[in-house]
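Hi,

Here is the structure I promised to pass on to you. Have a look at it first, and then read on for what turned up in it.

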Amino acid sequence: MGKLVSSWSSVQNLPEDYSFRWTIPVIDLGEGSHDRAGIIQQIINASQDFGLFPGLCKILAEITVINHGVSGVLMDETMSVVKEFFNMADERRADVFTDDHTKSCRFRTSSTNYATEETHYWRDFLRHPCHHLEDFIHLWPQHPTTYRDVVGKYSVEVRNLLLRIMELMSEGLGLEPGFFEGELSDDLLILTNHYPPCPDPSLSLGLPKHSDPNLITLLLQEHVYGLQVYKDGQWLGVEPLPNAFVVNIGYQLQVVSNDKFKGAEHQAVTNSREARTSIGAFMGPCNNCIIEPAKALITEDNPPHYKAFNTKSFLKITWQRLLVTQKLHCWLSMF
Ligand code: OGA
Ligand code: NI
């Protein structure tokens with residue numbers, strides 16, 4: 001029985017020739033590699049097909065170049081400081097540990113009903129808002145002592161990259177320049193996930209199947225396999241690439257684009273051998289912003305597929321749906 005593929009759904013390291021491991025389309029955002037129109041076309045093709053793509057960060061050493069790439073050094077430093085946080089003694093991170101969902105900075109675990117839950121969610125996470133930095137940074141963890149400095153710089157750089165991607169998206173959709181600036185992109189949440197080695201990956205998931213509810217997400221994943229995307233009825237493993245971000249299209253972008261862009265469903269699986277850390281930067285609108293299909297995209301032949309929502313109720317409905325479809329005991333355990 002152990003040989004049945006159905007009992008493999010959560011294993012790490014499938015055989016090399018196994019088609020489930022997959023390199024999702026890579027878009028090279030480095031200037032000079034393609035013209036702007038070429039980059040936009042690639043993004044559109046990849047996004048429509050998968051709802052998810054990694055933007056390869058070309059910059060690496062030339063970290064101060066105004067090619068707008070996030071520096072490879074900063075990406076490594078951020079991953080290190082986040083991993084340090086997850087490996088620290090509990091007393092040093094007690095300042096942010098909480099189950100109180102009214103606190104915007106929360107460090108907590110996802111398996112709160114271990115005895116009764118159907119699937120164990122094998123994940124600890126830390127989440128906090130980042131924009132505007134001066135409003136939130138004092139709420140972030142005090143340890144490691146470099147955390148605020150490093151993650152603060154990182155959040156500013158990823159925000160710039162996200163805005164740049166959104167600008168390409170809006171051009172690709174035929175919307176006016178700057179369409180996504182301002183209210184629609186005023187919120188940035190950093191959510192760091194830590195998946196410790198799991199004694200039995202077949203009984204657990206890191207994160208359940210979901211689409212990100214926000215506008216757009218940049219995910220930095222450690223070089224350990226764990227992210228899977230659902231495409232054509234099967235789960236495909238997303239190969240972690242060095243110095244790359246996975247870009248996830250969120251529900252809100254799906255709505256604004258009136259389904260021109262689709263959010264891909266994805267999940268995180270665990271493994272029994274090594275811990276895995278990922279860092280998501282979730283961009284979205286401020287709380288009272290109205291989310292609706294962009295008026296410029298609506299014609300007689302292309303009527304709106306969604307009605308207008310305010311962000312707060314949009315998120316509430318989205319989470320409730322996830323709660324029901326994924327049989328989650330507590331939606332708060334995801335974010
Ligand atoms: C998320 C997410 C995937 C991962 O945080 O929304 O999808 O690989 N994370 O951690
Ligand atoms: Ni996600």
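Which strands each supply at least two residues of the shell around ligand 1? They are E7 (187–195), E9 (207–210) and E15 (276–284). Before going further, please keep in mind that this is a predicted model.

**The ligand site**

The full list of residues around ligand 1 is Leu 191, Asn 193, Tyr 195, Leu 207, His 210, Asp 212, Leu 219, Leu 227, His 266, Arg 276, Ser 278 and Phe 282. By character, this shell divides into six nonpolar, four polar and two charged residues.

Three side chains are worth a look if you care about polar atoms. In Arg 276, a side-chain N or O atom is 2.7 Å from an oxygen atom of ligand 1. For His 210, the corresponding distance to a ligand oxygen is 3.1 Å, and for Asp 212 it is 3.2 Å. Taken on its own, ligand 1 has 290 Å² of accessible area, and the protein covers 99% of that.

**Gln 221, a partner of Arg 276**

Arg 276 has a protein partner too: its side chain makes a polar contact of 2.7 Å with the side chain of Gln 221. Gln 221 is found in strand E10, which spans residues 216–221. Is Gln 221 buried or exposed? Its relative accessibility is 8%, so it counts as buried. Setting aside residues up to four places away in sequence, Gln 221 touches Met 79, Leu 227, Val 238, Glu 239, Pro 240, Val 246, Arg 276, Thr 277 and Ser 278. Leu 227, Arg 276 and Ser 278 in that list also appear among the residues around the ligand.

**The cores**

Nonpolar side chains tend to be buried together in soluble globular proteins. Here, the largest nonpolar core has 59 residues. Those with the most contacts inside it are Tyr 154, Met 169, Phe 180, Ile 216, Leu 218 and Phe 245. Two or more residues of this core come from each of the helices H1 (36–50), H2 (72–87), H4 (147–173) and H5 (251–256), and from each of the strands E7, E10, E13 (244–249) and E15. Which element gives the most to this core? It is H4, with 12 residues.

Tyr 154 shows what such a core residue meets. Leaving out neighbours within four places in sequence, Tyr 154 is in contact with Leu 74, Met 75, Thr 78, Ile 190, Leu 220, Phe 245 and Ile 279. Another core, of seven residues, lies apart from the largest one, and includes Leu 219, Leu 227, Leu 236 and Ala 264. Leu 219 and Leu 227 are also in the ligand shell.

**Three more places to look**

- Glu 171 sits in helix H4. With a relative accessible area of 40%, Glu 171 is partly exposed. Beyond its neighbours within four places in sequence, Glu 171 is in contact with Arg 36 and Ile 40. Glu 171 and Ile 40 are 131 residues apart in sequence, yet their C-alpha atoms are 7.6 Å apart.
- Asp 259 lies in the loop between H5 and strand E14 (266–268). Its side chain makes a polar contact of 2.5 Å with the side chain of Tyr 306, and another of 2.7 Å joins it to the side chain of His 305. Not counting residues up to four places away, Asp 259 touches those two and Gln 254. From Asp 259 to Pro 304, 45 residues away in sequence, the C-alpha distance is 9.3 Å.
- Pro 285 is in the loop between E15 and strand E16 (290–291). Its relative accessible area is 6%, so Pro 285 is buried. Among the residues that Pro 285 touches beyond four places in sequence are Glu 183, Leu 184, Ser 185, Gln 252 and Thr 311. The C-alpha atoms of Pro 285 and Phe 180 are separated by 9.1 Å, with these positions 105 residues apart along the chain.

**The chain as a whole**

The protein chain has six helices and 17 strands. Of its 335 residues, 51% count as buried. Among contacts with a separation of 6 or more, 74% are between residues 24 or more positions apart. The accessible surface of the chain is about 15,500 Å², and carbon and sulfur atoms account for 53% of it.

Happy exploring, and best wishes!

Notes. Residues numbered from 1 in each chain as written. Chains lettered and ligands numbered in written order. Predicted model: local features only at pLDDT ≥ 70, side-chain atom pairs only at ≥ 80, totals over all residues. Heavy atoms only, no water. Helix = DSSP H or I, 4+ residues; strand = E, 2+ residues; numbered from the N terminus. Buried < 20%, exposed > 50% of the residue type's maximum accessible area, 1.4 Å probe, protein only. Polar contact = N/O pair within 3.5 Å; in protein donor to acceptor, adjacent residues only side chain to side chain. Contact = heavy atoms within 4.5 Å. Near = heavy atom within 4 Å. Areas by Shrake-Rupley, 256 points an atom, 1.4 Å probe, with all protein chains shown as cover. Nonpolar A, V, L, I, M, F, W, Y, C, P; charged D, E, K, R; others polar. Core = buried A, V, L, I, M, F, W, Y, C linked by side-chain atoms within 4.5 Å.
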